[in-house]
Every structure is written in C-alpha cells, then in structure tokens.
Amino acid sequence: MGEENRMKLNVGFLRAAAVTALATLAIPAAAQEGDYTPPRAEGYAELADLPDWTGTWHQDWERLFGVTVAPVVLTPEAQAVQDEFEARYAETGPPLEAEARCLPPGVPLIMSVGGMPIEVLYSPGRVTILTEAYGQARRIFTDGRDLPDDPEPFFNGNSVGHWEGDALVVETVGLHEMNGIARGIYVPHSDQMRVSERIYMPAEGELAVEITVTDPPVLAEPHVMHLFYKRQNEFPIREYVCENNRLVTGEDGANIDLGLDDEGDPFGPPVSEDEPGEGMGEPTED
C-alpha cells in the first residue's frame with residue numbers, strides 16, 4: 001500500500017472514531033447502562049398514578065332532579081336587567097338565538113346539557129373532557145402554566161388545572177360573551193366571570209363536579225352548582241351534529257319555519273275516505 005493511500009485510510013479511521021465518540025457523549029449515561037427512559041414515555045407513565053376516570057359518564061338522573069339548586073343572587077343592577085328580560089319573555093318566550101345558530105352553551109352549562117354524557121381523557125400535561133352535547137372538547141392544561149392575563153374569549157374559556165390528591169381543581173377565564181351564568185339567567189356576564197371546578201370520585205363508579213361561578217359586577221355572591229355522573233360504558237358517546245336551518249328568531253321570539261308559504265305543503269292535501277290522496281291508494285273498509 002502506498003504512503004498516500006495509507007494516509008487516506010488513517011484519516012478515514014480518525015473521522016469515524018470522532019463521530020462515534022461524539023455520538024457516545026450525546027447519549028445520557030443512563031442510556032449506556034441500558035435503563036434510559038425517554039422523557040415523553042415518563043410523562044405517559046405518570047398518568048397511571050391518576051384516578052381511573054376512563055369510560056363514559058352519564059348524569060345521575062336521580063340526583064339531576066333530586067338535588068336542590070341554590071338560587072342565583074344577582075346584584076341590584078343585574079337583577080333589574082333580569083326583571084326586564086323576564087317581563088319581555090313572558091309574552092314572547094325565552095330567547096333562542098343561540099339554539100337557532102347551533103351555538104354551544106359554553107362553560108359552565110356545557111357540563112349539563114340535557115343529561116348528555118361526557119368522557120375524560122388523560123395526556124401528559126393535559127386533561128381533555130369530551131361532551132356529547134355539541135361535540136365539544138374542553139382542554140384543561142395541567143402542565144403548571146398560569147392563566148392568561150389577557151385571554152381570548154372562547155365558549156369553553158381558557159382552563160388550567162392541578163391535582164389535589166385524587167381531585168382535579170380547574171380554573172377557567174376568558175369566556176365568550178354569549179355564555180350563560182346559569183339556566184334561566186339572561187343577564188350577560190362581565191369579563192370578570194370566572195368558573196372554578198372541583199372534579200372527583202365520591203365513590204366507585206361515581207363522578208362529582210362542584211362548580212362555583214364568580215362575577216362581581218353581576219353576581220352578588222358566588223353561584224354554586226353540583227353535578228353527579230355515573231359510569232355507564234354500555235352507552236358510549238354518540239355523534240352530535242347540529243344542523244338547524246328551520247328555527248328563526250324575531251320580535252315574536254323563536255318559531256319553526258317549515259317554509260310552507262314558499263315551497264307549498266310538503267305533506268300534500270288532507271286525505272279523506274271520499275277523496276284519497278294521490279299515491280295513497282283506495283281507502284279500505286274496516
């Protein structure tokens with residue numbers, strides 16, 4: 001082998017040795033010992049220590065109608081607005097603009113729409129609550145971040161949480177202006193509205209949610225609600241699609257518009273025994 005080729009070969013060996021050395025330095029000592037665990041895997045492993053909330057949770061119907069709900073105590077200014085709304089809706093019916101536009105009720109009312117179920121999912125640094133109602137997903141960050149100082153308003157707000165034992169404590173701010181404070185309350189909330197929740201299992205197969213709503217310009221005192229769920233995996237969450245193009249609102253409240261004036265009667269003329277409708281066949285005798 002010539003001197004020139006020998007030098008090239010040595011340079012190649014030196015380069016390979018350097019690359020191997022750098023790669024070895026980049027691997028943590030634990031990896032070299034064979035027990036290294038990637039941080040992402042460690043994050044998922046920690047989820048095993050959380051309480052088991054897997055499955056589908058349906059509202060406990062016995063408690064849904066059997067629990068006394070505390071009255072909403074409004075400030076005098078807000079109560080005057082509420083009285084005006086109630087007087088108006090006594091004649092026209094309650095407002096249904098949100099329903100006409102398929103808008104979700106948002107936090108906190110999304111947790112108790114028509115007794116529809118919820119599902120809880122865990123991932124590192126986050127708890128996600130899926131609601132069958134309106135197909136919503138609530139993202140509760142548990143990675144230690146603070147609530148935003150100037151939050152963008154969302155129907156489900158901006159939520160952060162932390163674990164106190166087996167209870168998840170959640171704080172939510174930045175709620176959409178169309179969110180309701182409580183059922184039957186039509187006073188718009190202020191930008192100071194805040195929702196606090198404590199979610200826990202009081203017994204096996206039961207999930208409880210304590211909700212406290214504060215809004216100093218509107219509420220004279222915090223409004224507290226209690227929701228109770230039972231695990232019922234035989235009835236999974238179903239797809240919820242809102243396609244409501246017949247409900248219209250106006251000065252007289254909300255009405256179902258079947259479009260009969262423009263489209264004609266889709267059911268055809270009335271059918272009688274003397275004049276059976278087209279395609280209906282002859283009337284039969286009893």
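Let me start with one pair of residues: V213 stands opposite H223 in β9. Keep in mind throughout that this is a predicted model.

V213 brings us to the strands. Strand β8 covers residues 206-214 and is joined to β9 by eight bridges. The two strands, β8 and β9, run antiparallel.

What else is joined to β9? Strand β1, residues 56-59, is joined to β9 by three bridges. Here too the strands run antiparallel. One residue to look at is Q59, whose bridge partner in β9 is Y229.

Now to the cysteines. How many disulfides does a search of the whole structure find? The search finds one. C102 and C242 form this disulfide, and their sulfur atoms lie 2.1 Å apart. As a reminder, a disulfide is a covalent bond between the sulfur atoms of two cysteines.

Where do the two cysteines sit? C102 is in the loop between α6 (97-100) and β2 (118-123), while C242 is in the loop between β9 (223-231) and β10 (247-250). The pair therefore ties together parts that are 140 residues apart in sequence. So β9, which we met through its bridges to β8, also borders the loop that holds C242.

Why is the disulfide called left-handed? The torsion about the S-S bond of C102 and C242 is about -80°, and that is why.

Last, are these cysteines buried or exposed? C102 has 19% relative accessibility, and since buried means under 20%, C102 counts as buried. C242 has a relative accessible area of 33%, so C242 is partly exposed.

Definitions and conventions. Residues are numbered from 1 along each chain as its sequence is written. This is a predicted model: local features need pLDDT of at least 70, side-chain atom pairs count only at pLDDT 80 or more; totals for chains, interfaces and linings use all residues. Side-chain values use heavy atoms; hydrogens and water are left out. A disulfide is a pair of cysteine sulfur atoms within 2.5 Å. Helices (H or I, at least four residues) and strands (E, at least two) are DSSP runs, numbered from the N terminus. Buried means under 20% relative accessible area, exposed over 50%, partly exposed in between (1.4 Å probe, protein chains only). Two strands pair if DSSP finds at least two bridges between them.
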